Amino acid sequence: MENHTVAIAVGIGFVSVVLSYYIVFSRWKHRSNGLRGIQSKSFEKSTDDNGITTVAAGGTDVIIVGAGVAGSALAYTLGKDGRRIHAIERDLSEPDRIVGELLQPGGYLKLVELGLQDCVEGIDAQRILGYALFKEGKDTKVAYPLENHHADIAGRSFHNGRFIQRMREKAASLPTVHLEQGTVLSLIEKDGVVKGVKYKSTAGTELETFAPLTVVCDGCFSNLRRSLCNPKPVASTINTLAGALYKVFCASPDQAMKEMRQACFDYLSLGGVFSSGPVALLSGLNPRPLSLVVHFFAVAVYGVARLLYPFPSPKRFWLGARLISGASNIIFPIIKAEGIRQMFFPSTVPAYYRAPPVHSIKGESGSE
């Protein structure tokens, strides 16, 4: 069976360096102690007759459940604006897993907007300027279209855990942000409105904390968010394109898919708008879904043209029709899964939250 090997290199990969146990332990201990020192800000506490301790965080404005990328970024952004934040994270030690090692240029631009760009400094992050594609002894380079951006704008490749720790440290450095390690057990609701959370501290004590706004950022497997609303797809041009490329480049004995893979490789090798367009989508620099659909089917049409040139035949016509059909079978289910309205008409999609009951709103209005 013909072996197709397609590798997308993200630039210079991580170089594995074996450090001594003492250095690793010292670095981990320094970071952990730093975070624990910040989270040790004293809160006023009171215990009721049922043994439940209530945390009075000096008038907390926002509770944030989870201090990963989203939670830490939100805590820093809101805290910088003067809002009093109580962020609760299940585990404040440095995450050690293989995930999220490439930050696209579009993501780095968002860090700059939030004032968090220094979070990629001091963590051995590597600048990424594009991709290299390898297929059956051939290769091509596809650069990010960064001509109209500042020289510092590029992708970044790093250890995800170090990045998250830097973001936590950045957020916890603000006097308005209290970062605490604890396990959130449940949301506290009254008349259908979330008032706060119940959580267990590292000492095993069950605590309650309250705020006008509670934000749940504890990951894709969150049970809390499932209790609030039915999960809905959140459209992403990057996710759609990545899913489509994955299906295109997966090894398959289907001749039409082989032609689609070759067409994609050759299309990107043309350079100019044929490479900068798709890479701008993948890098987050161009979030327009219509551009995604145009480029994806341009690849399919290009593949058909390759088949028919220079001598078309019934067999080639049939293979070209199968190629177009295969492309449609890849892209349309992905778009459907992401959500057609979310992708092409995002302004028509209602906000993803559960509105408080009408009787609760009336009750609050009448009490004023």
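Contact here means that heavy atoms lie within 4.5 Å of one another. The structure under discussion is a predicted model, and its protein chain contains 12 helices and 14 strands.

Helix H8, residues 273–282, offers a suitable point of entry. Because 7 of its 10 residues are buried, H8 is largely enclosed by the rest of the structure. The buried residues are Ser-275, Gly-277, Pro-278, Val-279, Ala-280, Leu-281 and Leu-282. Their cover includes two strands, E8 (130–135) and E9 (138–143), together with the helices H6 (237–249), H7 (255–269) and H9 (289–308). After H8 comes Gly-284, which has a positive phi, near 85°.

The pairing of H8 with H6 can be described in further detail. The axes of these two helices come within 8 Å and cross at roughly 120°. H6 is therefore oblique to H8. On the H6 side, the contact is made by Thr-237, Ile-238, Leu-241, Ala-242 and Leu-245, and on the H8 side by Pro-278, Leu-281 and Leu-282. These three residues of H8 are also among its buried residues.

The nonpolar interior may be considered next. The largest nonpolar core has 66 residues, and the members that touch the most others are Phe-163, Met-260 and Phe-296. Leaving aside neighbours within four places in sequence, Phe-163 is in contact with Val-69, Leu-111, Cys-119, Val-120, Ile-123 and Phe-158. Another core, of 12 residues, lies apart from the largest one and includes Val-184, Val-194, Leu-207 and Ala-211.

For the chain as a whole, 42% of the 368 residues count as buried. Among contacts with a separation of 6 or more, 71% join residues 24 or more positions apart. The protein chain exposes about 20,500 Å², of which carbon and sulfur atoms supply 59%.

Confidence varies along the chain. The mean pLDDT is 79, and 76% of the residues reach 70 or more. Confidence is highest in strand E5 (residues 85–89), at a mean of 97, and lowest in strand E1 (residues 6–9), at 34. Over residues 1–34 the pLDDT stays under 50, and the model has 43 contacts beyond four places in sequence for this stretch. The pLDDT is also below 50 over residues 358–368, a stretch with 4 contacts in the model beyond near neighbours in sequence. Where pLDDT is low, the predicted coordinates should not be read in detail.

Terms used
Residues are numbered from 1 along each chain as its sequence is written. This is a predicted model: local features need pLDDT of at least 70, side-chain atom pairs count only at pLDDT 80 or more; totals for chains, interfaces and linings use all residues. Side-chain values use heavy atoms; hydrogens and water are left out. A nonpolar core is a set of buried Ala, Val, Leu, Ile, Met, Phe, Trp, Tyr and Cys residues joined through side-chain atoms within 4.5 Å. Buried means under 20% relative accessible area, exposed over 50%, partly exposed in between (1.4 Å probe, protein chains only). Helices (H or I, at least four residues) and strands (E, at least two) are DSSP runs, numbered from the N terminus. pLDDT is the predictor's confidence in each residue, from 0 to 100. Accessible areas come from the Shrake-Rupley method with a 1.4 Å probe; for residues, only the protein chains shown count as cover. Axes are lines fitted to C-alpha atoms, for helices over the stretch in contact, and angles run from 0 to 180 degrees between N-to-C directions. Angles under 35 degrees count as roughly parallel, over 145 as roughly antiparallel, 65 to 115 as roughly perpendicular and the rest as oblique.
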